Amino acid sequence: MRQSVQISKLNGFRSGFMALLAAASLGFSAHSVAADPAAKPAKPDAAIGEKLYTNGDPQRGVIGCASCHGAEGKSAAGAWPKLAGQHSAYTIKQLKNYKDGTRANAIMAGMSAALTEQDMANIAAYLSKQTVSLGVAQNKETIGLGKQIYAGGIAEKGIPACAACHSPNGAGIPSQYPLLSGQWADYSVAQLGYFRDGTRKNNAAMTAIAAKLSDVEMKAVSDYMAGLR
């Protein structure tokens, strides 16, 4: 009888110990899973970024960027912006904004949907290492106006100089303001228009500035920026 009681107690102790172990294990697993989403992306890998940019990743539904933005980020026409040499932080922000809808663009929303933050960082790292694609101003009649707006702004309209943020040569400031030199004028004009009409809402400062620019002024400064270097 005493032996049966001892065996019963031993089994009860064993069951309690296993339950406690299982609970501890479950708690550890839950903590590990909960921590994963908060994990920061690893150090950007430009080599991986090049592969994603050029070929995408069909297994994950990632489409290569080069089909529109050209080899090494040097697009062939103003319908698609040049990305070569762009600051990593700016590229990452734009991709995140496309993905979360802050920057409206149906095509880019689809392109960015399958990208992880690590993908974005890798692609941005690759593009930042590419040589800036230079351009030239096309309209000689408006170069003076474009230079005036870019270098000095328009005081009577409360428009600040573009150079104050984007630097005199259009190189921008890493982590703050994008590279503009050499960008297609058609693309820059379109973006200023989107800021002005509210289609693009991911930069309040640019929305306020564009609201004061006329069509002629937008075209003039965009053409001038295309020739900066």
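In this predicted model, the contact between helices H2 and H6 is made by Ala 46, Ile 48, Gly 49, Glu 50, Leu 52 and Tyr 53 on the H2 side, and by Asp 119, Asn 122, Ile 123, Ala 125, Tyr 126 and Leu 127 on the H6 side. Sorted by class, the residues of this contact are eight nonpolar, two polar and two charged. H2 covers residues 46-55 and H6 covers residues 117-128. Their axes are 7 Å apart and the packing angle is about 95 degrees. H2 is therefore roughly perpendicular to H6, given that angles of 65 to 115 degrees fall in that class.

Asn 122, one of the H6 residues in this contact, can be followed further. Is Asn 122 buried or exposed? With a relative accessibility of 4%, Asn 122 counts as buried, because the limit for that class is under 20%. Apart from neighbours within four places in sequence, Asn 122 is in contact with Lys 43, Pro 44, Asp 45, Ala 46, Ile 48 and Gly 49. Of these partners, Ala 46, Ile 48 and Gly 49 are also listed for H2 in the contact with H6.

**A second helix pair**

Helix H5 spans residues 106-113, and its axis comes within 8 Å of the axis of H4. The two axes cross at roughly 100 degrees, so H4 and H5 are also roughly perpendicular to each other. Leu 95, Tyr 98 and Lys 99 supply the H4 side, while Met 108, Ala 109, Ser 112 and Ala 113 supply the H5 side. By class, this contact has five nonpolar residues, one polar and one charged.

Asn 97 is found in H4 as well. At 8% relative accessibility, Asn 97 counts as buried. Which residues does Asn 97 touch, not counting those up to four places away in sequence? They are Thr 102, Arg 103 and Asn 202. The C-alpha atom of Asn 97 is 9.2 Å from that of Ser 112, a residue 15 positions away in sequence. Ser 112 is itself part of the H5 side of the contact with H4.

**Chain as a whole**

The protein chain has eleven helices and zero strands. The order of elements from the N terminus is accordingly α-α-α-α-α-α-α-α-α-α-α. Of its 229 residues, 37% count as buried. Among contacts with a separation of 6 or more, 63% join residues that are 24 or more positions apart.

**Accessibility of selected residues**

The table lists five residues with their places and relative accessibilities.

| Residue | Place | Relative accessibility | Class |
|---|---|---|---|
| Asn 122 | helix H6 | 4% | buried |
| Asn 97 | helix H4 | 8% | buried |
| Glu 72 | loop between H3 and H4 | 39% | partly exposed |
| Lys 147 | helix H7 | 47% | partly exposed |
| Ser 175 | loop between H8 and H9 | 63% | exposed |

Lys 147 lies in H7, which runs over residues 143-152. Leaving out neighbours within four places in sequence, Lys 147 is in contact with Gly 152 and Tyr 224. The C-alpha atoms of Lys 147 and Ala 163 are separated by 9.9 Å, with their positions 16 residues apart along the chain.

**Positive phi in two loops**

Glu 72 has a phi near 60 degrees, a positive value in a residue other than glycine. Glu 72 sits in the loop between H3 (66-69) and H4 (88-100). Ser 175 is not a glycine either, and its phi is positive at about 70 degrees. The loop that holds Ser 175 runs between H8 (163-166) and H9 (185-197). At 63% relative accessibility, Ser 175 counts as exposed, because that class begins over 50%. The value of 39% for Glu 72 places that residue in the partly exposed class.

**Enclosed space**

Rolling a probe the size of a water molecule over the atoms shows where empty space is left. How many cavities of 30 Å³ or more does the count give? The count comes to one. The largest cavity holds about 60 Å³ of space. Its lining consists of Lys 82, Leu 83, Ala 84, Gln 86, Val 132, Ser 133, Leu 179, Ser 181, Gly 182 and Gln 183. By class, the lining of the largest cavity has four nonpolar residues, five polar and one charged.

Note on methods. Residues are numbered from 1 along each chain as its sequence is written. This is a predicted model: local features need pLDDT of at least 70, side-chain atom pairs count only at pLDDT 80 or more; totals for chains, interfaces and linings use all residues. Side-chain values use heavy atoms; hydrogens and water are left out. On a 1 Å grid over the protein atoms alone, a cavity is a set of points where a 1.4 Å probe fits but cannot get out, and a pocket is an open set with protein on both sides within 12 Å along at least five of seven lines; lining residues have an atom within 4 Å of a point. Grid points are joined across faces, edges and corners, and a volume is the space filled by probe spheres set on the points. Ala, Val, Leu, Ile, Met, Phe, Trp, Tyr, Cys and Pro count as nonpolar, Asp, Glu, Lys and Arg as charged, and the others, Gly among them, as polar. Axes are lines fitted to C-alpha atoms, for helices over the stretch in contact, and angles run from 0 to 180 degrees between N-to-C directions. Angles under 35 degrees count as roughly parallel, over 145 as roughly antiparallel, 65 to 115 as roughly perpendicular and the rest as oblique. Contact means heavy atoms within 4.5 Å. Buried means under 20% relative accessible area, exposed over 50%, partly exposed in between (1.4 Å probe, protein chains only).
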